[in-house]
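Here are my notes for you, as numbered points. Keep the model open while you read and click through the residues as they come up.

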Amino acid sequence: MVIAGANRMLGRAAASQTQTPPPTSEICVARWSRVVLVAMVIAAAGSGGPGREPQPSQPPSDSERMKSSLTPLGPPVSRDRVIDSFPKWYTPEACLQLREHFHGQVSAACQCRNTGTVGFCKNVFDRDYKATIGVDFEIERFEIAGIPYSLQIWDTAGQEKFKCIASAYYRGAQVIITAFDLTDVQTLEHTRQWLEDALKENEAGSCFVFLVGTKKDLLSGASCQQAEAEAVHLAKEMQAEYWSVSAKTGENVKAFFSRVAALAFEQSVLQDLERWSSARLQVGDGDLIRMEGSPPETQESKRPSGLGCC
Ligand SMILES: Nc1nc2c(ncn2[C@@H]2O[C@H](COP(=O)(O)OP(=O)(O)OP(=O)(O)O)[C@@H](O)[C@H]2O)c(=O)[nH]1
């Protein structure tokens, strides 16, 4: 099954990623989280240290996937990846998070700060369709409320013949994005199956779910409204948040990925705050969320890791 928009949309949004991470001397908290694209689903992620990103050729191991990663402070991210305020939804009818601010605990833990910015993302739209073979992988770096944060984006193939490969990448996703072609309502139906497959591999209620209609540039007026109304209806059933985007014009792409990143970031911080509730948490010099004390004993924390807690 082919859903248009996934790769190219990612290409645009996943931009100038894959820069070499800095040395792991300073550490901040960000949980592994992944975005799985079910034919276009994403999983968000905190980036690991040098050489610690999972390789695109194989699904991440349990330790890579589950451990709370300790993100080194990186070089400044590009200006359009800086998120200072909680990004808004696209459709209030199909949105589970209508609030407009970061969770109070997250705002308190993070000290917003301005950073210098360098560069802009590559802005590519490819009109030729090249099928995803199995899975594509991108890392997109953000700065959210002054804290460096990375999304790992696993774009799984939409074609039926790659289904087995794709499903190996669903587990441990923090965000699931399932996409369809707004100009072909039949593709909307397929999103149910992709979502079901992705949810099977994850704990109930552990993922943010997004339904995304692509090729918005090809529709307007009543036909666009009609397609969106059907999508919003399905999104409500799926307990998903709905977005319409265009990879070609870039409409809503940045806003969408900002929203995904912000929700994933907030959840990561809240989970880490909960896990470390007995420890003292502090934002160090505006650069890092710094933990002191011992985290609760978990299987994760018992695993040997080169990334110690600061
Ligand atoms: N006009 C227009 N074309 C688009 C848009 N998004 C994708 N396309 C085109 O649709 C075709 C398929 O896009 P892909 O993103 O590769 O589709 P996909 O669903 O990811 O495909 P698989 O990864 O193989 O599942 C390509 O020819 C793209 O150029 C869009 O927003 N507008």
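1. Start with helix α5 (residues 185-200): Glu 189 and Arg 192 both sit in this helix, three residues apart, or about one turn of the helix. Helices here are DSSP runs of H or I with at least four residues, strands are runs of E with at least two, and both are numbered from the N terminus. The two residues form a salt bridge, with the closest N and O atoms 3.3 Å apart. That term stands for a side-chain nitrogen of Lys or Arg within 4 Å of a carboxyl oxygen of Asp or Glu. Glu 189 is partly exposed at 46% relative accessible area, and Arg 192 is partly exposed too, at 36%. (Buried means under 20% relative accessible area, exposed over 50%, and partly exposed in between, using a 1.4 Å probe and protein chains only.)

2. A word on what you're looking at: this is a predicted model, where local features need pLDDT of at least 70 and side-chain atom pairs count only at pLDDT 80 or more, while totals for chains, interfaces and linings use all residues. Residues are numbered from 1 along each chain as its sequence is written, and side-chain values use heavy atoms, with hydrogens and water left out.

3. How many salt bridges are there by this rule? The count comes to 10. One of them joins Arg 81 and Asp 80, with 3.1 Å between the closest N and O atoms, and both residues are buried. Asp 80 and Arg 81 also belong to a network of salt bridges together with Glu 140.

4. Now find Arg 259 and Glu 241, whose side chains meet in a salt bridge at 2.6 Å, N to O. Arg 259 lies in helix α7 (residues 253-275) and Glu 241 in strand β10 (residues 241-244), so this pair ties together parts that are 18 residues apart in sequence. Are these two buried or exposed? Arg 259 is buried at 0% relative accessible area, and Glu 241 is buried at 4%.

5. Arg 259 turns up again in the surroundings of Gln 97, which is found in the loop between β5 (82-83) and α3 (104-109). Leaving out residues up to four places away in sequence, Gln 97 touches Trp 89, Phe 208, Arg 259 and Leu 263; a contact means heavy atoms within 4.5 Å.

6. Helix α6 (residues 221-238) makes a nice check: its 18 residues should span 26 Å at 1.5 Å a residue, and its end C-alpha atoms are 26 Å apart, which agrees. (The expected span is 1.5 Å times one less than the number of residues.) Several α6 residues are buried, including Cys 224, Leu 234 and Met 238. What covers the buried residues of α6 includes β8 (173-181), α5, β9 (208-214) and β10. Right after α6 comes Gln 239, with a positive phi near 60 degrees.

7. Last, the rings: the structure holds 11 aromatic pairs. Rings of Phe, Tyr and Trp (its six-membered ring) pair if their centres lie within 6.5 Å; planes under 30 degrees apart are stacked, over 60 edge-to-face, and the rest tilted. The rings of Phe 86 and Phe 102 have centres 5.2 Å apart and planes at 85 degrees, so that pair is edge-to-face. Both Phe 86 and Phe 102 are buried. For Trp 154 and Tyr 169, the centres are 5.3 Å apart and the planes at 35 degrees, so this pair is tilted.
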